Amino acid sequence: MKSGWEATREEEIRILRRFDAVVAIQEEEAKVFREMMPDKKVITAGISFPVREPSKQPEAGRVLFIGGQNIANVQGITHFIERIWPRVKAAHPAAELDICGSVGALVESCPRGVTVSGFVESVDEAYDRVSVVINPIWTGSGLKIKTAEALSYSKALVTTECGVEGMAPRPEGACRIAQDDAAVAENILDLLKSAEKRKAQEAAAGEYARKYLTPENVYRELDSVIREVAGT
């Protein structure tokens, strides 16, 4: 089944050449555009978030996944519930998983310790109450918005290699990047069982967000191009 707008490489080049600059959401996509149009100005502009201080009193043992109904989210949280959550729950019986956002409507089973909240009025409250945030996706493209959002909330985040694709620079140390199911579970447990490690991870997340996810940084190139075109 086809969805959205499709164009050949030649059609895309012809359309993009009409503009003063081409904006990519992340650097890998920018490289593709530069290869397509070596003489065209190509810049990156991802997504920014206000940076928040760490939660003062997150609930011990509580984990959060929040997302929409795209296929990567559905596959990721389904795999997590089936393969990873049992490891976490067995080693830490008090652990609880909150699933927020429209992805919850497609979660077919809720084992012990899993709550599907669906749409929530306040994302701030959802983030504030949890100790660890997960982005357990294994497929996808573009910029991983939920990774950037979790870092901007100064949360202790556990994700995958796919979950940090598109992040520049790579958030090494700002979150826990796991290579397989066992590592995802181990990192979650490590953060749930040690408030000291969790707080250190929160501080690292906030530091990364302040350096790289503020509007001043994310839109610097775009602002420069706009000012150049406007003659200001």
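Which residues in H1 meet which residues in H2? I shall open with that contact and then move through the rest of the structure, which is a predicted model.

On the H1 side, the residues are Arg9, Glu12, Ile13 and Leu16, and they meet Phe33, Glu35 and Met36 in H2. Sorted by class, this contact holds 4 nonpolar and 3 charged residues, with no polar ones. Two packed helices are described by the angle between their axes and the distance between the axes. Here helix H1, residues 9-16, and helix H2, residues 27-36, pack at about 90°, and their axes are 11 Å apart. H1 is therefore roughly perpendicular to H2, as angles from 65 to 115 degrees are counted in that class.

The second helix pair is H6 with H7. Helix H6 covers residues 181-193, and its packing angle with H7 is about 105°, with the axes 5 Å apart. That angle makes H6 roughly perpendicular to H7. From H6, the contact draws on Asp190, Leu191 and Lys193; from H7, it draws on Ala195, Lys197, Arg198 and Gln201. The class division for this contact is 2 nonpolar, 1 polar and 4 charged residues.

Staying with H7, I turn to glutamate 202, which lies in that helix. Is glutamate 202 buried or exposed? Glutamate 202 counts as buried because its relative accessibility is 3%, and the cut-off for buried is under 20%. Leaving aside residues up to four places away in sequence, glutamate 202 touches Pro54, Ser131, Ser154, Lys155 and Ala156.

One of those partners, Ser154, deserves a comment on its backbone. Serine 154 sits in the loop between H5 and E7. Its phi is positive, at about 55°, although serine 154 is not a glycine. Most residues other than glycine have a negative phi, and most peptide bonds are trans. Serine 154 is also buried, with a relative accessibility of 2%.

The second backbone feature concerns a peptide bond. Between alanine 168 and proline 169 the bond is cis, and omega is near -5°. Proline 169 belongs to the loop between strand E7, residues 156-160, and strand E8, residues 176-178.

Alanine 168 brings us to the pockets. The largest pocket encloses about 310 Å³ of space. Its lining comprises 18 residues, and the closest to the pocket centre are Thr44, Gly46, Ala168, Asn217 and Val218. Which helices each supply at least two residues of this lining? They are helix H7, residues 195-212, together with H8 and helix H9, the last spanning 220-230. By class, the lining divides into 10 nonpolar, 5 polar and 3 charged residues.

Helix H8 itself, residues 215-218, is where glutamate 216 is placed. Glutamate 216 is exposed, because its relative accessible area is 57% and exposed means over 50%. The C-alpha atoms of glutamate 216 and serine 48 are separated by 8.7 Å, while the two residues are 168 places apart along the chain.

The second largest pocket holds about 180 Å³. Its lining is made up of Asn70, Ala72, Asn73, Asn135, Ile137, Thr139, Gly140, Ser141, Leu143, Lys144, Ile145 and Lys146. Helix H3, residues 71-91, and helix H5, residues 145-152, each contribute at least two residues to that lining. The class division is 4 nonpolar, 6 polar and 2 charged.

From this lining I single out asparagine 73, which is found in H3. Asparagine 73 is buried, at 7% relative accessible area. With residues up to four places away in sequence not counted, asparagine 73 touches Phe65, Gly67, Gly68, Val103 and Ile137.

Finally, the interior. How many cavities of 30 Å³ or more does the count give? The count comes to 1 cavity. The largest cavity contains about 40 Å³ of space. The elements giving two or more residues to its lining are strand E3, residues 62-66, and strand E6, residues 132-135. E6 provides the largest share, at 3 residues. The lining residues are Phe65, Ile66, Tyr127, Val133, Ile134, Asn135, Lys146 and Leu157. By class they are 6 nonpolar, 1 polar and 1 charged. Asn135 and Lys146 appear in the lining of this cavity and also in that of the second largest pocket.

Technical notes. Residues numbered from 1 in each chain as written. Predicted model: local features only at pLDDT ≥ 70, side-chain atom pairs only at ≥ 80, totals over all residues. Heavy atoms only, no water. 1 Å grid on protein atoms, 1.4 Å probe; cavity = no way out; pocket = protein on both sides within 12 Å on 5 of 7 lines; lining within 4 Å. Points joined across faces, edges and corners; volume = space filled by probe spheres on them. Helix = DSSP H or I, 4+ residues; strand = E, 2+ residues; numbered from the N terminus. Nonpolar A, V, L, I, M, F, W, Y, C, P; charged D, E, K, R; others polar. Axes fitted to C-alpha atoms, helices over the stretch in contact; angles between N-to-C directions. Parallel < 35°, antiparallel > 145°, perpendicular 65-115°, else oblique. Contact = heavy atoms within 4.5 Å. Buried < 20%, exposed > 50% of the residue type's maximum accessible area, 1.4 Å probe, protein only.
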